[in-house]
Amino acid sequence: MSLFSLLLLLLLGVLTLHSESVPDEDTRTCPVITCGSPGLNGFPGKDGHDGAKGEKGEPGQGLRGLQGPPGKLGPPGPPGTPGTKGVMGPKGDPGECPVCDTSMADREKESLRSELEQIKKWLFFSLGKKVGKKFFLSIHEQMSFDRVKALCAQFQASVATPKNADENRAIRNVAHENAFLGITDEENEGLFVDMKGRRVTYTNWNNGEPNNAGSGSGEDCVVLLSDGKWNDIPCSSPSEAVCEFSV
């Protein structure tokens with residue numbers, strides 16, 4: 001037997017075995033009943049779950065829509081810091097009060113002014129003496145010159161200092177004893193000045209005065225005697241206090 005004949009026999013054997021091992025198509029598809037025509041479609045099934053959100057797409061190329069209406073007003077924000085003070089404006093015109101009646105107030109002020117003048121005249125007559133715009137009042141107490149200065153200053157007054165004969169006479173009339181005058185030569189001996197350091201231009205010295213005859217610290221202060229004449233004495237010697245007020 002040739003080689004070709006041997007190969008051909010082997011191939012036929014393989015085909016025969018394959019046909020015996022593969023079942024028939026009808027037996028494999030419908031093993032029990034005979035297959036019929038397809039049935040009707042069933043009802044649709046339930047929707048499946050939403051899938052994952054996709055990535056944002058590119059903006060479209062269409063026209064921009066109209067602006068929507070404004071939203072509701074939000075709550076007020078916190079107050080801001082105060083601004084800097086502005087420039088002061090010009091002074092306004094005086095106000096007018098056409099319905100105000102100031103006549104009563106004016107009458108009351110005039111009445112009070114008149115009463116005050118009467119009180120001042122009574123004081124001048126009963127307690128002291130007024131000459132021009134000066135009012136002289138005595139404390140009727142004797143003390144050193146420094147105490148007289150302090151006492152008069154306490155009442156916003158000064159030690160009585162006559163500038164003329166009328167004032168000298170008024171001081172004499174209110175004093176009961178020898179009274180200190182607001183005149184000294186403590187700074188420069190022989191140069192008598194008033195309480196403001198001004199050289200006096202009116203004097204009424206007694207005969208032989210001033211003589212600085214006091215012992216120790218000398219006579220640097222001035223007193224008014226009972227006859228209206230002046231004398232220099234030590235500032236520590238007690239004399240009556242007379243104060244001078246401006247009216």
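## Close-up legends for a predicted model

**Figure 1. R147 and E141 pair up through their side chains.** In this predicted model, R147 and E141 form a salt bridge, with N and O 3.9 Å apart. How exposed are the two partners, R147 and E141? R147 is partly exposed, at 48% relative accessible area, and E141 is partly exposed too, at 38%. R147 and E141 are one entry in a longer list: a search of the whole structure turns up eight salt bridges.

**Figure 2. K149 and D146 make a salt bridge within helix 4.** Here the N to O distance between the side chains is 3.8 Å. The two residues sit three apart in helix 4, so about one helical turn separates K149 from D146. An α-helix has 3.6 residues a turn, so residues three or four places apart point the same way. D146 is exposed, since its relative accessible area of 52% is over the 50% mark. K149, at 33%, counts as partly exposed.

**Figure 3. One face of helix 4 is buried.** Which residues of helix 4 are buried? In this helix, which spans residues 145–154, they are F145, V148, L151 and C152. Looking down the helix axis, these buried residues fall within an arc of 120°, so they line one face of helix 4. On the other side of the helix, D146 and Q154 are exposed. And what do the buried residues of helix 4 pack against? Their partners are five strands: strand 2 (134–143), strand 3, strand 4 (179–184), strand 5 (221–224) and strand 7.

**Figure 4. Q156 follows helix 4 with a positive phi.** Just past the end of helix 4 comes Q156, with phi near 55°. Q156 belongs to the loop that runs between helix 4 and strand 3. Most residues other than glycine have a negative phi, and Q156 has a positive value without being a glycine. Is Q156 buried or exposed? Q156 is exposed, with a relative accessible area of 78%.

**Figure 5. H140 has a positive phi inside a strand.** H140 is another residue to look at for its backbone: its phi is about 60°, a positive value, although H140 is not a glycine. Where does H140 sit? H140 is part of strand 2. Its relative accessible area is 43%, so H140 is partly exposed.

**Figure 6. E209 and P210 are joined by a cis peptide bond.** Omega for this bond is about -5°. Most peptide bonds are trans, so this one is worth a look. P210 is found in the loop between strand 4 and strand 5.

**Figure 7. D166 and R169 pair along helix 5.** The closest N and O atoms of this salt bridge are 3.0 Å apart. Both residues lie in helix 5 (residues 165–174), three positions apart, which is about one turn of the helix. Side chains of opposite charge can pair when their charged atoms come close. D166 is partly exposed, with 45% relative accessible area, and R169, at 47%, is partly exposed as well.

**Figure 8. K134, E167 and E244 share a network of salt bridges.** Zoom in here for three residues linked together in a network. E244 turns up again in the next view, being among the residues that lie nearest the centre of the largest pocket.

**Figure 9. The largest pocket has 14 lining residues.** Its volume is about 230 Å³. Which of the lining residues lie nearest the centre of the pocket? They are S158, K163, K196, R198 and E244. By type, the lining breaks down into six charged, four polar and four nonpolar residues. Strand 3 (158–159) and strand 7 (239–246) each contribute at least two lining residues. Strand 7 gives the most, with three.

**Figure 10. The whole chain, for orientation, has five helices and seven strands.** That tally covers the secondary structure of the chain. Starting from the N terminus, the elements go α-α-α-β-β-α-β-α-β-β-β-β. The chain has 247 residues, of which 25% count as buried. Among contacts with a separation of 6 or more, 64% are between residues 24 or more positions apart.

How values were computed:
Residues numbered from 1 in each chain as written. Predicted model: local features only at pLDDT ≥ 70, side-chain atom pairs only at ≥ 80, totals over all residues. Heavy atoms only, no water. 1 Å grid on protein atoms, 1.4 Å probe; cavity = no way out; pocket = protein on both sides within 12 Å on 5 of 7 lines; lining within 4 Å. Points joined across faces, edges and corners; volume = space filled by probe spheres on them. Helix = DSSP H or I, 4+ residues; strand = E, 2+ residues; numbered from the N terminus. Nonpolar A, V, L, I, M, F, W, Y, C, P; charged D, E, K, R; others polar. Buried < 20%, exposed > 50% of the residue type's maximum accessible area, 1.4 Å probe, protein only. Arc of directions from axis to C-beta. Contact = heavy atoms within 4.5 Å. Salt bridge = Lys/Arg side-chain N within 4 Å of Asp/Glu carboxyl O.
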